[in-house]
Amino acid sequence: MDKNKKPIIVSIIPARGGSKGIINKNIREICNKPLIAYSIEASNKASLVDYTFVSTENSEIAEIAKRYGAEIINRPIELSEDHVPDLPVLKHAIEYLEIKGIFPDILVWLRPPNLFRSCSDINNTIQKMLDTNADTVRTVHLVKESPYWMQIIDEEKILKPFIEGGEIKYYQRQLLPKVYKASGIVDVTKRDVVMKQGKLFSKENHRALVIDRAQVVDLDNEDDLLVAEYILKNVLGENFHQKSSKKAIFFDRDATLNEDEKYTYKIEDFKLLPKVIEGLKKLKNFDFFIISNQSGIGRGYYTLKDVEKFNNHMLNEFKKHGINIKKIYLCPHAPEKNCDCRKPKTKFLKQAEKEFNLDLNNCYVIGNRETDILLAKNADCKSILVPTNGKEFDLMSINPDYRAEDLEKAAEYILKNN
Ligand SMILES: [Mg+2]
Ligand SMILES: [Zn+2]
């Protein structure tokens, strides 16, 4: 792959006619749209994808695929049987394209049954490959049931641990290592992995993009179709697959961005912490928000007006450096009010998700307190702990995804892991 030229990126959607479990699965309608259309439309909407092809031997599928905006790879019958693995199908697709004069560098493998896939998922997976130069990137999801706690029943009908010693070593849920499973939502692999190494996926230079477990469905029988339709209609929305969503960073304010001894509200006390500007500048491709608990208002130590003045002063300081904070969410309530906006409650995160079309799973919360990390965990965001006023980390019973010495280090971590 020539580093200096933009790689050619082609989606391949494998869709044969025969299918077990559900007859004509690939063209069965879900919310008045054939299953295969969800993959085609998501791919066509993904800005990093240059071409969207459906590989099929079936003329009816080809007709429908064209109608929804895909081009067709005519797959031979012998590559359309039940037992044929993915590799020869992808190999054939590449050879077919190259004969037609399209020379893909990167292939995006999109299985039609994985319909809870947005164009952002496709872009994010490709972007990860471009950023890391991995040979393969696959979407994975966190598995709830850890293999360390699984059992097998042996020939003598004795119940035994699946992994010897697992339950002893990981005697508490918190100790369990996170385990992931390939979701099949988006698999991206380089042409040379397939054509030169003769593999679907690289074994060595292989990375993962973690996606939400809720996006993973099995479409094996008629009931599954009904469930998928229900989820699209009532949870994700029928146009979920075409929806692009953005990544954002939610900052705590006090002792994370500005110095804070306790109840900071006077402009003359405003002082940004070291490396805040450097860090925010590095993250210029993200949207920025602040979520702040200001119980000093509810306790009567200062007013909402005081806080707004202070915040405007801070926003102006940021603007001087070309840094834009999209919105500040603040909870003015004292803790005993038991409001639903005080961190670690997620009301403001959910509000921002809707208001700004965010992809919360790929958002970060950065703060200096346990409440900030809990906020992230409660909303399935990623979390970074910074030391209080740049000095020491708060004692924590819950682990953040990362502990960063300062905001510049936090920024470097985010860029490396995105
Ligand atoms: Mg704080
Ligand atoms: Zn509140």
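Among contacts between residues at least 6 apart in sequence, what percentage join residues at least 24 apart? In this predicted model, the figure for the protein chain is 68%. The views below go from the whole chain down to single residues.

**View 1. The whole chain, split into domains.** This is a predicted model of a protein chain with 418 residues, and 37% of those residues are buried. Count up the secondary structure and you get 13 helices and 17 strands. Laid along its principal axes, the C-alpha trace spans about 75 × 60 × 40 Å. The chain is cut into three pieces: domain 1 takes in 9-136 + 182-242, domain 2 covers 144-178, and domain 3 runs over 248-416. Domain 1 and domain 2 have their centres 34 Å apart, going by C-alpha atoms.

**View 2. The seven-stranded sheet.** Here we're looking at an open sheet with mixed pairing, and its seven strands line up as 5-4-1-6-10-7-11. At the edges sit strand 5 (71-74) and strand 11 (206-211), each with pairing on one side only. Going from one strand to the next, the twist averages 30°. As general background, strands of a sheet pair through backbone hydrogen bonds, in either a parallel or an antiparallel way. In this sheet, strand 6 (residues 106-109) and strand 10 (residues 180-190) run antiparallel and are joined by four bridges. If you want a spot to click on, try Ile-106, which stands opposite Lys-190 in strand 10.

**View 3. Two helices lying on that sheet.** Helix 1 (residues 35-45) packs on the sheet and touches strand 1 (9-14) and strand 4 (51-56). The direction of helix 1 makes about 155° with that of strand 4. Helix 2 (residues 59-67) also packs on the sheet, this time touching strand 4 and strand 5. For helix 2, the angle with the direction of strand 4 is about 165°.

**View 4. Helix 1 and what covers it.** How many of the eleven residues of helix 1 are buried? Nine are, and the helix is mostly covered. The buried set is Leu-35, Ile-36, Ala-37, Tyr-38, Ser-39, Ile-40, Ala-42, Ser-43 and Lys-45. Note that a lysine, Lys-45, turns up in that buried set. The cover over these residues includes strand 1, strand 2 (29-30), strand 3 (33-34), strand 4, helix 2 and helix 4 (119-132).

**View 5. Strand 13 and its two partners.** Zoom in on strand 13 (residues 287-293): five of its seven residues are buried, so the rest of the structure largely encloses it. With strand 12 (residues 248-251), strand 13 pairs in the parallel sense over four bridges. In that pairing, Ile-249 stands opposite Phe-288 in strand 13. To get from strand 12 to strand 13, the chain passes through helix 8 (residues 276-282), making a right-handed β-α-β crossover. Strand 13 also pairs with strand 14 (residues 325-331), again in the parallel sense, over six bridges. Phe-288 shows up here too, standing opposite Ile-325 in strand 14.

**View 6. Helix 12 and its surroundings.** In helix 12 (residues 370-378), the buried residues are Asp-372, Ile-373, Leu-374, Leu-375 and Ala-376. They pack against helix 11 (347-356), strand 15 (364-367) and strand 16 (382-385). Just past the helix comes Asp-380, with a positive phi near 60°.

**View 7. Ala-376 up close.** Stay in helix 12, where Ala-376 has its place. Is Ala-376 buried or exposed? Buried, because it has 28 C-beta neighbours inside 10 Å, and 20 or more is what it takes. Leaving out residues up to four places away in sequence, Ala-376 touches Val-365, Cys-381, Lys-382 and Ser-383. Lys-320 is 56 residues away along the chain, and its C-alpha atom lies 29 Å from that of Ala-376.

**View 8. Pro-177 in its loop.** For a contrasting environment, go to the loop between helix 5 (166-169) and strand 10, where Pro-177 is found. Pro-177 counts as exposed because it has 9 C-beta neighbours inside 10 Å, and the exposed class takes residues with 12 or fewer. Another proline, Pro-147, is 30 residues apart from Pro-177 along the chain, and their C-alpha atoms are separated by 9.9 Å.

Definitions and conventions: Residues numbered from 1 in each chain as written. Chains lettered and ligands numbered in written order. Predicted model: local features only at pLDDT ≥ 70, side-chain atom pairs only at ≥ 80, totals over all residues. Domains from an automatic or database assignment. Contact = placed C-beta atoms within 7 Å. Pairing = 2+ DSSP bridges. Axes fitted to C-alpha atoms, helices over the stretch in contact; angles between N-to-C directions. Right-handed = clockwise from strand over helix to strand, strands pointing away.
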